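Grab a pencil and work through a few exercises on the structure shown below. Each task comes with a solution in small steps.

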Amino acid sequence: MNPAQTAPKDGSMILAWFEKWGFPMPAVWSVPSNQWCVAVPCVELYEGQWNDWHFENEYFDDADLNGWADPKKVAA
């Protein structure tokens, strides 16, 4: 995991680690909001079951970023 202060803010997607979440999440720096825009997995009820998965955006302050990784360099 790279130090938070080295995270690119040029529109590159990163895997971001925030204290609120227990795992890295896709994120990109949002210039208009001056925050990290994060893709958060969510699930809704569909036909009585929790099976309708999708992503919603959530925003985090730069100070909340604990570390990051380049998704192109993460081994499978």
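**Exercise 1. Find which side chains meet aspartate 62 and lysine 20 in salt bridges, and say where the partners sit.**

Step 1. Aspartate 62 and lysine 9 meet through their side chains in a salt bridge, 2.7 Å from N to O. The term stands for a side-chain nitrogen of Lys or Arg within 4 Å of a carboxyl oxygen of Asp or Glu.

Step 2. Now place the two. Aspartate 62 is in the loop between β5 (49–60) and β6 (65–69), and lysine 9 is in the loop between β1 (2–3) and β2 (14–18), so this pair ties together parts 53 residues apart in sequence. Strands here are DSSP runs (E, at least two residues), numbered from the N terminus.

Step 3. Check the accessibility. Buried means under 20% relative accessible area, exposed over 50%, and partly exposed in between, with a 1.4 Å probe and protein chains only. Aspartate 62, at 31%, is partly exposed, and lysine 9, at 40%, is partly exposed too.

Step 4. On to lysine 20: its side chain meets that of glutamate 58 in a salt bridge, again 2.7 Å from N to O. Lysine 20 lies in the loop between β2 and β3 (25–30), while glutamate 58 belongs to strand β5, so the pair ties together parts 38 residues apart in sequence. Lysine 20 is exposed at 56%; glutamate 58 is partly exposed at 23%.

Step 5. The structure holds two salt bridges in total.

Before you go on: this is a predicted model, where local features need pLDDT of at least 70 and side-chain atom pairs count only at pLDDT 80 or more, while totals for chains, interfaces and linings use all residues. Residues are numbered from 1 along each chain as its sequence is written, and side-chain values use heavy atoms, with hydrogens and water left out.

**Exercise 2. Work out the strand order of the open sheet and name its edge strands.**

Step 1. Six strands make up the open sheet, in the order β1-β6-β2-β3-β4-β5, with antiparallel pairing. Two strands pair if DSSP finds at least two bridges between them.

Step 2. Look for strands that pair on one side only: these edge strands are β1 and β5.

Step 3. Zoom in on one pairing. β2 and β3 run antiparallel over three bridges, and proline 26 in β3 is the bridge partner of leucine 15.

**Exercise 3. Describe the aromatic pair of phenylalanine 18 and phenylalanine 60, then that of tryptophan 29 and tryptophan 36.**

Step 1. Start with the rule: rings of Phe, Tyr and Trp (its six-membered ring) pair if their centres lie within 6.5 Å; planes under 30 degrees apart count as stacked, over 60 as edge-to-face and the rest as tilted. The count comes to three aromatic pairs.

Step 2. Phenylalanine 18 and phenylalanine 60 are stacked, at 4.3 Å centre to centre and 15° between the planes. Phenylalanine 18 is in strand β2 and phenylalanine 60 in strand β5, so they tie together parts 42 residues apart in sequence. Both of these phenylalanines are buried.

Step 3. Tryptophan 29 and tryptophan 36 are edge-to-face, at 5.0 Å centre to centre and 75° between the planes. Tryptophan 29 is buried at 11%, and tryptophan 36 is buried at 0%.

Key:
Helices (H or I, at least four residues) and strands (E, at least two) are DSSP runs, numbered from the N terminus.
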